[in-house]
Structure formats: C-alpha cells, structure tokens
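User: Please take a close look at the sheet in this model and at what packs around it. I am a first-year student, so keep the sentences short.

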Amino acid sequence: MKLVIAIIAAIALAAAFPAGAARAAPQLEQCDVPDSMIQSDTDLARVLSEVKNKHRLEISVIGSGSSSLAGPDGVRTAYPARLEDALKQRLPGTDVKVIPHVQSRETTAVMASGLAKILSDDRPALVIWQAGTADALSGVEPEDFRASLDDGVGKIQDAGADVILMNMQYSPRTESMLDVSAFADVMRLVAQARGALLFDRLAIMHYWNDAGTFDLYTATKKYDMARRVHDCIGRALASQIISAAHLDAVRMQTTR
C-alpha cells in the first residue's frame, strides 16, 4: 500500500503546478513527434465525414487524472482544451468542440459503464479514451482490463463514432515502481483488433525525454512543465487526427 501511495503521489506531482503559474498563457513548445509515432493505416472515416460535409467536429475525451491539470486554469491548459485550440487553428471554418469527461483514479471498467450516457449526450464523431494507469495502480488483471476496454470500444463504434485509445504517461520517476507494459500491450492489441487508432503517449513522452525536449525526471521542480507537456500532447493529437482523417486535403479544397 505504501508503494501505491508513493506512485500516486509521484504521478500527481508530475501533473500538478502552483496556482500562480497556471495563470500564464501556454507557451508554444518545440515538441515535434516523428511521423512513425502518429501515422497509421487506420482511417477516421466519421471525422472526415463530419468535417467535410457538416463543417463541425465533436470529440469526447474520456480519462482519469492524467487527462487533467490542477489549478484555476487547469481545464484551459490540459490537453483536451489544447487539442480543441490546435484543431481550430488547423481547420478554419470548422466548428470544433472537445468535451472532457475526466475522473481521477477511475478504472476502465467504471469508465465503460458510463459510456452510454456520454455517447447519448455528446453524440461525438470521435471518442478519445485514455486508460491504463488507474487499472495498473488498482491491481486490475491485464485480461480483465482487456475485456473492459474491448467491450467499451465496441460500444463506441456501435454508436457510430471513431475511436482513439490513449495509453499511459511516461514517467522515469515511476517506471521502476510500476510496470505498465502489459497494459500498453493490451491497448495496442485491442486497437488493432477493433480497427481503432492508438495514440502512444507512453512512447511519445519517452521520446521527448530521451531527446531532451522535456526532462521528465525533474519535472516536478519546473512548475510549468505539466502545462507545456499537455500543450504538446494536444498538438500531437491534432496532427494524428488530421492525418488519419485525411483532413489536409479537405482544408486545401476549402481554401481555394
């Protein structure tokens, strides 16, 4: 139990920052991601249809604590809001709305049980489902995690929405205490089996740390680090969505 508490505290510290620091506007970070980490053979057909034919895009983000930030400006600086801003900038003339549904420490099974209401209320073209960390911390068996995730993705697709699965954060401070590799493997397999996209946040953040873009080991000492990482995640997500939905071609047509 002490180990679990220590891990939760480390993760919370990595995502938190003082209220005073939160009031500053997000800075534009140089945090490019290799194309190989975001490109996929899976298409976001519903997203393309909504943008091309209706000039709108509704996205629901479902996740646990790592999909949010603390502080009075936490909602505005967390990656769901940064994703919305990035898509609005890159898709002029499209009404973009990103709706976050975030509950700290909520397991995948619990999130899956609430999908029906979210899908009914939001009617999204795309659902981004961040999962894995809470299950690993709660001692959920990988097979039980797989069953809940697979069932949930099926419900989302049955409702007509595209799906992006987002795996856990990379933290060099906690990787030796919490092995999430089995959960990351499950998410990749479920995405492949269901024809969903995987946003490999674990690998992307590992890449940023190794490249020196962010020093994630000492991130807790840099009060604006979490905000900057979330901004970069939002922009990387936007790039993946635009690529998988082939929206660059649509954007070129609308600007002619």
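Analyst: The sheet in this predicted model is open and has 5 strands. Their order is S2-S1-S3-S4-S5, and the pairing is parallel. The edges are strand S2 (95-102) and strand S5 (197-199). Each of these two pairs on one side only. On average, neighbouring strands are turned by 20° against each other, direction ignored.

Start with one pair of strands. Strand S1 (residues 56-63) runs parallel to S2, and 8 bridges join them. For example, Ser60 has Ile99 in S2 as its bridge partner.

Now add the helices. Helix H4 (residues 45-54) packs on the sheet. H4 touches S1, strand S3 (126-130) and strand S4 (162-166). The direction of H4 makes about 145° with that of S1. Helix H6 (residues 79-90) packs on the sheet too. H6 touches S1, S2, S3 and S4. Its direction makes about 170° with that of S2.

Next comes the nonpolar interior. The largest nonpolar core has 71 residues. Those with the most contacts inside it are Ile59, Leu87, Ile128, Trp129, Leu165, Trp208 and Ile241. Helix H13 (residues 225-244) gives the most to this core, with 10 residues.

Look at Leu165 more closely. Setting aside neighbours within four places in sequence, Leu165 is in contact with Trp129, Leu149, Val153, Met187, Val190, Ala191, Leu197, Leu198 and Phe199.

Then follow H13. It has 20 residues and reaches 29 Å from its first C-alpha to its last. That is close to the 28 Å expected at 1.5 Å a residue. Of its 20 residues, 17 are buried, so H13 is largely enclosed by the rest of the structure. His246 follows H13, and its phi is positive, near 55°.

Finish with one residue of another helix. Phe145 is found in helix H10 (residues 142-158). Phe145 counts as buried because its relative accessibility is 0%, and the cut-off for buried is under 20%. Phe145 and Gly132 are 13 residues apart in sequence. In space they are 7.9 Å apart, C-alpha to C-alpha. Gly132 is also one of the contacts of Phe145 beyond four places in sequence. The others are Thr108, Ala131, Asp135, Val140, Phe183, Val186 and Met187. Met187 is in contact with Leu165 as well.

Conventions. Residues numbered from 1 in each chain as written. Predicted model: local features only at pLDDT ≥ 70, side-chain atom pairs only at ≥ 80, totals over all residues. Heavy atoms only, no water. Core = buried A, V, L, I, M, F, W, Y, C linked by side-chain atoms within 4.5 Å. Buried < 20%, exposed > 50% of the residue type's maximum accessible area, 1.4 Å probe, protein only. Helix = DSSP H or I, 4+ residues; strand = E, 2+ residues; numbered from the N terminus. Contact = heavy atoms within 4.5 Å. Expected span 1.5 Å × (residues − 1). Pairing = 2+ DSSP bridges. Axes fitted to C-alpha atoms, helices over the stretch in contact; angles between N-to-C directions.
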